[in-house]
Amino acid sequence: MTALRADLRAIADMIPAGSRVLDVGCGDGALLEHLVKTLGVDGRGIELSQVNVNACVARGLSVLQGDADTDLHEYPSSVFDIVILSQTVQATRAPNVVLANLLRIGGRTIVSFPNFGHWRVRASLLFKGRMPRTKALGYHWYDTPNIHLCTIADFVETAKEADATIVQALALNADGDVRPMNIDTWGPNLLAEGAIFLLEAKQAA
Amino acid sequence: MVEAVDPQFLRPLAAQNVDRGRAMTFGADKPLTLDSGRQLSPFTLAYMTYGALNADRSNAVLVCHALTGDQFVASAHPVTGKPGWWETMVGPGKPIDTDRFFVICTNVIGGCMGSTGPADIDPATGKPYGLDFPVVTIRDMVRAQAMLIDALGVDKLLCVIGGSMGGMQVLQWAASYPERVFAAVPIATAARHSAQNIAFHEVGRQAIMADPDWNSGNYQLAETRPGKGLAVARMAAHITYLSEAALQRKFGRSLQNREAVSFGFGPDFQIESYLHHQGMTFVDRFDANSYLYITRAMDYFDLAADYGGVLAEAYRGAKTRFCIISFTSDWLFPTVENKRVAHALNAAAANVSFVEIETDRGHDAFLLDEPELFAAVRGFVNAAATVRGVA
């Protein structure tokens with residue numbers, strides 16, 4: 001097994017051993033396999049790409065080929081301890097609906113995404129007047145799958161609107177540096193290239 | 001009493017020097033109790049095996065065939081001499097590797113390739129069963145297979161796999177005998193036969209029964225053969241196995257050996273000629289009454305009905321690992337039907353993967369050269385074998 005990417009390792013650190021985990025947009029299954037093999041989780045995945053689904057199946061993982069935008073509503077409530085949405089929220093058609101579904105399906109929800117509020121992104125627009133192309137966001141404006149990019153501040157607001165409690169917030173940088181961030185200050189939204197949030201649905205009254 | 005016998009075929013053999021497989025007859029003490037309430041006894045199941053059963057009997061894979069399939073998965077068909085129907089999938093080094101796995105395939109009960117069916121002699125009358133043969137179901141087919149697996153000394157199958165009606169048997173196996181199925185691969189199938197599919201089957205059956213040579217099902221005694229009716233049934237069914245796109249790509253409006261249309265009703269178009277060929281060759285290898293019975297078994301299939309209408313209940317507590325596969329252009333068993341099964345399994349917290357293969361070749365794709373299908377099956381079966389500790 002190859003070394004896990006820093007952001008995936010940070011996600012893995014949030015997951016208790018033996019829990020039931022759904023990884024939405026699980027890619028080739030690297031994170032899910034790690035979770036199953038090292039933490040003994042009962043892991044399931046959803047993935048859009050046929051090639052990636054085959055890669056997951058060959059790893060012995062249970063993965064459904066499907067779409068977060070259309071398929072999540074078919075899942076019963078509270079069947080997973082943890083639901084993961086890693087680097088995928090910005091590619092969904094209705095991120096707020098997807099988030100509401102994740103909070104419903106899982107006890108806790110982990111969401112990671114690239115931060116569109118990072119200073120390089122801002123500088124690209126301010127000084128060049130061009131849509132930003134960075135290491136984390138390498139596409140042209142016309143071919144990007146990232147149709148709903150957001151900043152850390154945007155996401156914090158959306159999470160509040162979804163009635164979610166932010167249990168933990170981590171700032172992510174390209175060199176693999178992961179550290180806790182204070183979302184009540186302006187710093188992380190300017191300096192972090194990405195973010196990982198651990199959310200929990202507020203108990204219904 | 002269970003007795004090994006030589007498989008008997010209804011049709012003359014085109015290929016004499018091929019492996020004709022094996023058969024087992026279950027005596028009066030081992031009747032097959034059917035869903036209809038009737039019993040079939042004695043009865044025979046014809047089967048083929050490939051590869052070798054390992055010492056701890058953990059590497060057996062059961063392949064279930066489709067409506068017009070048979071036990072000759074990976075070796076020449078003795079009646080037609082043609083290659084096995086799934087040689088791309090099963091064999092040495094193939095996705096289901098017979099160097100590693102012991103593959104079993106039985107001709108379904110009601111079939112016409114050596115297993116007891118309507119063309120066989122009814123011991124009560126000394127005449128062919130014809131329509132006196134009891135109506136069988138998918139569950140009856142699976143019950144019979146389970147008896148054969150017992151006789152072969154296999155307690156738990158590593159994997160049960162099949163497409164179309166074969167996939168129905170896979171779903172039934174996992175529901176009826178969850179503790180005997182380690183992994184299951186239902187391909188291009190459904191947990192219930194749709195109204196549209198029942199409708200197409202009825203067209204086929206009516207074509208057979210409208211043939212004067214069918215003689216109310218007693219054509220063997222009358223020494224006739226309802227070849228025309230059976231050919232039409234096959235032609236109608238064959239269209240449902242393809243897709244509009246594939247028909248257009250393969251045939252379009254191309255004419256058959258002529259420069260212009262003939263202003264008559266001969267086979268002007270290549271697609272007509274192709275369908276005629278499909279119908280004619282089918283008649284040489286298949287029994288008309290078997291076609292009635294097996295299509296009926298598919299029509300009756302509704303797995304959820306046995307579990308209060310809730311499909312998830314069929315798989316409550318299931319430990320079996322599932323890999324469900326569908327094809328984008330399959331309109332006979334469309335993705336949505338396959339996904340229904342996946343969602344039910346999910347709701348039952350079963351281990352399930354679902355793969356949708358992109359192809360324009362329709363339902364038939366499960367029998368064709370589809371690299372992503374092979375990759376999915378190879379990966380899944382090998383992973384299951386590793387988890388089960390098969391060397």
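This text leads through a predicted model of a complex, from its confidence scores to the packing of helices in chain B.

It is sensible to begin with how confident the predictor is. For the complex as a whole it gives an ipTM of 0.82 and a pTM of 0.92, while chain B averages a pLDDT of 96, with 100% of its residues scoring at least 70. Such scores deserve attention at the outset, since where pLDDT is low, the predicted coordinates should not be read in detail.

We can now turn to the place where the chains meet. Here 13 residues of chain A are in contact with 20 residues of chain B. On the side of chain A that touches chain B, the elements that give two or more residues are helix H3 (50-58) and strand E3 (62-65) of chain A, and of these H3(A) gives the most, with five residues. Sorted by class, that side of chain A has six nonpolar, five polar and two charged residues.

Chain B itself is divided by its domain assignment into domain 1, made of 2-194 + 302-388, and domain 2, made of 197-295. The C-alpha centres of domain 1 and domain 2 of chain B lie 25 Å apart, and the contact between them takes 30 residues from domain 1 and 22 residues from domain 2. The side of domain 1 that touches domain 2 has 14 nonpolar, eleven polar and five charged residues.

Within chain B, helix H3 (residues 195-210) offers a useful example of how helices pack. With helix H5 (residues 227-241) of chain B, H3(B) packs at an angle of about 165°, their axes being 7 Å apart, and that angle makes H3(B) roughly antiparallel to H5(B). H3(B) passes H5(B) in a right-handed crossing. Among the residues that meet there are B:Phe200, B:Val203 and B:Ala207 in H3(B), and B:Leu230, B:Val232 and B:Ala233 in H5(B); by class, this contact has ten nonpolar, three polar and no charged residues.

How, then, does H3(B) lie against helix H8 (residues 288-300) of chain B? The axes of H3(B) and H8(B) come within 10 Å and cross at roughly 160°; because angles over 145 degrees count as roughly antiparallel, H3(B) and H8(B) are roughly antiparallel to each other. In this case, H3(B) passes H8(B) in a left-handed crossing. The residues that meet include B:Ile198, B:His201 and B:Arg205 in H3(B), and B:Tyr291, B:Leu292 and B:Asp299 in H8(B), and the residues of this contact divide into six nonpolar, three polar and two charged.

Conventions:
Residues numbered from 1 in each chain as written. Chains lettered and ligands numbered in written order. Predicted model: local features only at pLDDT ≥ 70, side-chain atom pairs only at ≥ 80, totals over all residues. Contact = placed C-beta atoms within 7 Å. Helix = DSSP H or I, 4+ residues; strand = E, 2+ residues; numbered from the N terminus. Nonpolar A, V, L, I, M, F, W, Y, C, P; charged D, E, K, R; others polar. pLDDT = per-residue confidence, 0-100. Axes fitted to C-alpha atoms, helices over the stretch in contact; angles between N-to-C directions. Parallel < 35°, antiparallel > 145°, perpendicular 65-115°, else oblique. Left-handed = near helix turned anticlockwise from the far one by under 90°. Domains from an automatic or database assignment.
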